[in-house]
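Let's take a walk through this fold together. Have a look at the model first, and then we'll go through it piece by piece.

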Amino acid sequence: MAGLARTGFSIDPDLLERFDRAISGKGYQNRSEAVRDLMRDYLVSEEADKNKVVAGTLTFVYDHHRPNLTEKLVEAQHQAGSQVLAATHVHLDHHNCLEVVMMKGRSGAIRDLSNRILSLQGVKHGQLVITSTGKELK
Ligand code: NI
């Protein structure tokens, strides 16, 4: 186990049993990896709360026929500058488009851009996912 620290903790047996059942259903081979993932989730959430540099994707669906909406979406992304790394767009059907905007930057700026996009009339639904840039995590 070179490079790994070992630890232990006390836990209610019922809680542990429920946890083990839940993670086995998700494909985890052992409890350690599941606990490590929970710790990483916590740390990424902390990074986002402290306005650190994070990676994020905004996925949203919008009404293709809403006047000027396409221009507003492009304008918002241009204004954000280097935070926007890439965007993909697919035509879901005659009326609806799906777009995914990939970003890297301070969490506050990424949230601001996402809120600007999601609050535009004609954007039907969307969700921002914030993750790590990977630098701070093992
Ligand atoms: Ni489209």
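**The sheet, the metal and the salt bridges**

Strand 2 leads into strand 3 by way of a hairpin of four residues. Before going further, bear in mind that this is a predicted model, where local features need pLDDT of at least 70 and side-chain atom pairs count only at pLDDT 80 or more, while totals for chains, interfaces and linings use all residues. Residues are numbered from 1 along each chain as its sequence is written, and side-chain values use heavy atoms, with hydrogens and water left out.

Helices (H or I, at least four residues) and strands (E, at least two) are DSSP runs, numbered from the N terminus, and two strands pair if DSSP finds at least two bridges between them. On that basis, you get an open sheet of four strands in the order 2-3-1-4, with antiparallel pairing. Its edges are strand 2 (84-91) and strand 4 (123-131), each of which pairs on one side only. Seven bridges hold strand 2 against strand 3, with Thr88 partnered by Val100 of strand 3. Between strand 1 and strand 3 there are 11 bridges, and here Thr57 has Met102 of strand 3 as its partner. Strand 1 (residues 53-63) also shares eight bridges with strand 4, including the one from Val61 to His125. Helix 4 (residues 107-118) packs on this sheet and touches strand 1, strand 2, strand 3 (96-106) and strand 4; contact here means heavy atoms within 4.5 Å.

Now for the metal. Which protein atoms are the donors of the nickel ion? They are His89 (NE2), His91 (ND1) and Cys97 (SG), at 2.0 to 2.3 Å. Donors are N, O and S atoms within 2.8 Å of the metal (3.2 Å for Na, K and Ca), and water is not among the atoms, so sites may look incomplete. Along the chain the spacing reads H-x1-H-x5-C. His91 is exposed at 63% relative accessible area, but Cys97 is buried at 2% (buried is under 20%, exposed over 50%, partly exposed in between, with a 1.4 Å probe and protein chains only).

Finally, the charged pairs. A salt bridge is a side-chain nitrogen of Lys or Arg within 4 Å of a carboxyl oxygen of Asp or Glu, and the count comes to six. One of them joins Arg31 and Asp20 at 2.7 Å, N to O. Arg31 sits in helix 2 (residues 31-49) and Asp20 in helix 1 (residues 13-25), so this pair ties together parts 11 residues apart in sequence. Within helix 2, Arg40 and Asp37 are three residues apart, about one turn, and their closest N and O atoms are 2.6 Å apart. Both belong to a salt-bridge network with Glu33 and Arg36.

Definitions and conventions: Axes are lines fitted to C-alpha atoms, for helices over the stretch in contact, and angles run from 0 to 180 degrees between N-to-C directions.
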